[in-house]
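Some notes follow on the surface charge and on one strand residue. Please read them with the structure open.

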Amino acid sequence: MSDQDQTRQAAAGAGDGRGALRVSHEDRDQVAEVLRVAAGDGRLTADELDERLERALTARTYDDLAALVTDLPPAGNALATLPGPLAAAVAGTAGPAKELVKIQVSSGQSQRLGRWTVPARMDLKVTSGHIKVDLTEAVITQPTLHIDAEVSSGHILLLTRPGIAVDLDDVAVRSGHVKAHAPWGENVPVFLRISVAGKCGSGHILARPPRRSFWQWLRRAPRRYAIAA
């Protein structure tokens, strides 16, 4: 069997074939950096770091590299900026990205938390209550997200991380308010741009990073992502 035939066979066995593609030295280096950051955060022991770095340096395909980071939450914007095929392989562990996600709350709350795959579009409607969309550990496989938002009374909260830019200019405000916080500055590369359009009645739409816990505030721990400012 020729090398070309072997490549086609590997791609066929991996669904769309992206995970079976061969990686470059740059791909290996990027994953190694994600692993080092995870170890610095205490998510990997020294032995686990050594083992995964060795596997990263000898990895042949994107699937090989994806297996090393699928159990790690995104660290800053490191995981989200991995090469496209690798990001797609990692995203496969959190479910495929949907074209549209609709959330409607009439009274109560709805949340998207943890490791979930960000869709291309979201339709968020709040009559009375609130919606929280937490992007701090979400899997991001595309550069844009469009949100159609409608708030009568209540609020929509978008929890962000460095590399996520939120545009609220197309939201019509009646008696409520809209605001986007981005404390990490303009030098951090943007890997996801969120555009929000719609209307806000007596509630609010807010985009910000997670707040410190009470004990973190009491110990005067730096605000989250302050190091990237």
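1. Asp 47, Glu 48, Asp 50, Glu 51 and Glu 54 form a negatively charged patch on the surface. The model is a predicted one, and the points below should be read accordingly.

2. Within that patch, Glu 48 belongs to helix α3, which covers residues 46-57. The relative accessibility of Glu 48 is 33%, so Glu 48 counts as partly exposed. Patch members must have over 30% relative accessible area and no salt bridge, and the value of 33% for Glu 48 is given here for that reason.

3. There is also a positive patch on the surface, made up of Lys 102, Arg 121, Lys 125, Arg 174 and Lys 199. One of its members, Arg 121, lies in strand β3, residues 121-134. Arg 121 has a relative accessible area of 33% and is therefore classed as partly exposed.

4. Is Val 171 buried or exposed? Val 171 is buried, because its relative accessible area is 10% and the cut-off for buried is under 20%. Val 171 sits in strand β5, which runs over residues 164-173.

5. Which residues does Val 171 touch, leaving aside those up to four places away in sequence? The contacts are Val 178, Val 196, Ala 197, Gly 198, Lys 199, Cys 200 and Ile 205. Among them is Lys 199, which is also a member of the positive patch.

6. Val 171 and Ser 195 are 24 residues apart along the chain, and their C-alpha atoms are 9.6 Å apart. Val 196 is among the residues that Val 171 touches.

Note on methods: Residues are numbered from 1 along each chain as its sequence is written. This is a predicted model: local features need pLDDT of at least 70, side-chain atom pairs count only at pLDDT 80 or more; totals for chains, interfaces and linings use all residues. Side-chain values use heavy atoms; hydrogens and water are left out. Patches are made of residues with over 30% relative accessible area and no salt bridge: like charges are joined within 9 Å, nonpolar side chains (Val, Leu, Ile, Met, Phe, Trp, Tyr) within 5 Å. Accessible areas come from the Shrake-Rupley method with a 1.4 Å probe; for residues, only the protein chains shown count as cover. A salt bridge is a side-chain nitrogen of Lys or Arg within 4 Å of a carboxyl oxygen of Asp or Glu. Lys and Arg count as positive and Asp and Glu as negative; His and the chain ends are not counted. The place of a charge is taken as NZ of Lys, CZ of Arg, CG of Asp or CD of Glu. Helices (H or I, at least four residues) and strands (E, at least two) are DSSP runs, numbered from the N terminus. Buried means under 20% relative accessible area, exposed over 50%, partly exposed in between (1.4 Å probe, protein chains only). Contact means heavy atoms within 4.5 Å.
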